[in-house]
Amino acid sequence: MVDHSMQSSSRSPRRWLFGLLVLLVIAGLCWKFWPAGTAHKEGAAPKAAAAGHTGRSGAMRPGFGGASGPIPVRVAPAVKGDFPLYYKALGTVTALNTINVRSRVGGELIKINFEEGQMVKAGDLLAEIDPRPYQNALLQAEGTLLQNQAQLKNAQVDVERYRGLYREDSIAKQTLDTAEALVGQFQGTVKTNQAAVNDAKLNLEFTKIRAPIAGRVGLRQLDVGNLLAANDTTAVAIITQTQPISVVFTLPENSLDTVLARYHSGAKLPTEAWDRGDTKLQATGVLQSLDNQIDVTTGTLKFKARYENRDQSLFPNQFVNVRLLADTLKGVVLAPSAAIQFGTNGTFVYALDGDKKVKIRQLKIGVSDGLNTVVTEGLAAGDRVVLEGTDRLKDGSDVEVVNDSQDVPTTPTEHLQGKSAANAVDSAATDKAKKGGA
């Protein structure tokens with residue numbers, strides 16, 4: 001009796017476990033086949049095929065083709081046009097001349113004739129020093145000059161008299177020679193006195209401090225009443241020449257071939273100065289000069305561009321973004337940069353083969369501005385390339401063109417010139433693209 005109860009109790013858990021497994025299998029089969037059967041029964045499958053493919057649970061995704069249908073893509077044509085080749089660099093605005101205006105004579109500062117930040121011309125009166133001591137010195141020098149001029153005149157009269165007496169053999173030759181030597185001595189003294197007068201006049205003129213160049217005056221360094229010394233360390237004013245003005249920038253040595261070739265040929269290379277945020281064009285100028293050696297620590301060459309700066313938009317020591325138009329590539333094939341793909345076999349695009357299929361085109365590319373890329377081999381003008389939807393494409397895939405940008409034609413040259421902020425060629429990005437093309 002005890003043995004039979006023990007056997008029945010041991011079989012009971014096994015039965016429950018077996019039943020549970022059967023129920024799980026049945027539930028899994030229902031979960032797998034029930035939605036598809038329901039959708040087919042209610043006619044949902046045709047609707048899903050029309051609107052898009054279904055997900056794992058049967059829900060539809062509008063706007064995308066099914067796995068077995070064509071893949072929706074956006075395309076754009078490759079075009080032929082001119083490509084302005086810009087080089088981008090960081091630059092520092094540098095004044096052509098910066099003058100620390102100091103007093104050349106000592107004295108009390110009695111007048112200041114400029115406003116801080118004022119534009120002045122060469123020769124404009126900036127400040128005045130008390131002139132009275134120098135006026136007195138001039139009068140004293142002129143008085144000494146008059147005295148010695150009178151003595152010189154008297155000595156010259158004596159010489160003429162001695163010459164007549166000498167001809168009559170009334171005096172000795174030594175007396176005449178002494179008189180002539182005295183005349184020469186007074187002539188030298190008069191010249192010395194004349195130089196002293198000129199020096200006194202010059203010092204008197206220096207009491208009026210004038211602008212040596214045209215430019216903008218900085219903040220005032222001294223006030224009225226200060227005692228100044230000649231060539232004092234503190235400047236009365238600082239003037240910077242801002243019209244014209246220059247910008248100093250550097251370019252890496254691997255970008256110099258095109259620039260140097262154009263520069264040495266005598267071409268005027270345009271340069272643009274953009275603000276620090278690289279959003280606003282501040283001035284347009286030309287490349288003026290270059291340094292005579294490459295900096296071995298950075299591998300760059302220093303350039304200087306000149307700007308007229310008529311609107312005073314550039315200030316000395318300001319940081320700007322410089323764009324140098326090194327060359328313009330004429331009649332090249334341009335493809336949207338968004339269509340360029342990089343793979344193990346190099347650079348390629350998905351190009352339309354007819355209207356319903358795509359084909360992989362291997363490319364050789366040149367420089368890029370971020371929006372457009374120069375294609376040297378692999379595409380022709382008019383070829384349509386895929387912009388969006390490339391993640392699911394392969395060679396020979398069926399596609400459905402959605403929002404073909406060929407419907408809105410654009411001129412590449414006008415687009416590049418109209419958005420010159422995007423035309424600066426980043427040398428690092430160019431090198432990366434070249435490596436990808438290799």
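This passage walks through a predicted model of one protein chain, from its overall make-up to a patch on its surface. Residues are numbered from 1 along each chain as its sequence is written, and side-chain values use heavy atoms, leaving out hydrogens and water. As the model is predicted, local features need pLDDT of at least 70 and side-chain atom pairs count only at pLDDT 80 or more, while totals for chains, interfaces and linings use all residues.

The chain averages a pLDDT (the predictor's confidence in each residue, from 0 to 100) of 82, and 80% of its residues score at least 70. Among the chain's elements, strand S14 (residues 300–307) has the highest mean pLDDT, 96, and helix H2 (residues 44–51) the lowest, 37. Residues 1–8 sit below 50 and make zero contacts beyond near neighbours in sequence, a contact being heavy atoms within 4.5 Å. Residues 36–67 are also below 50, but that stretch has 28 such contacts in the model.

As for the fold, the chain holds seven helices and 23 strands; these are DSSP runs (helices H or I, at least four residues; strands E, at least two), numbered from the N terminus. Of contacts between residues at least 6 apart in sequence, 75% join residues at least 24 apart. Buried residues make up 34% of the 438, where buried means under 20% relative accessible area, exposed over 50%, and partly exposed in between (1.4 Å probe, protein chains only).

Leu20, found in helix H1 (residues 2–41), is partly exposed, with a relative accessible area of 46%.
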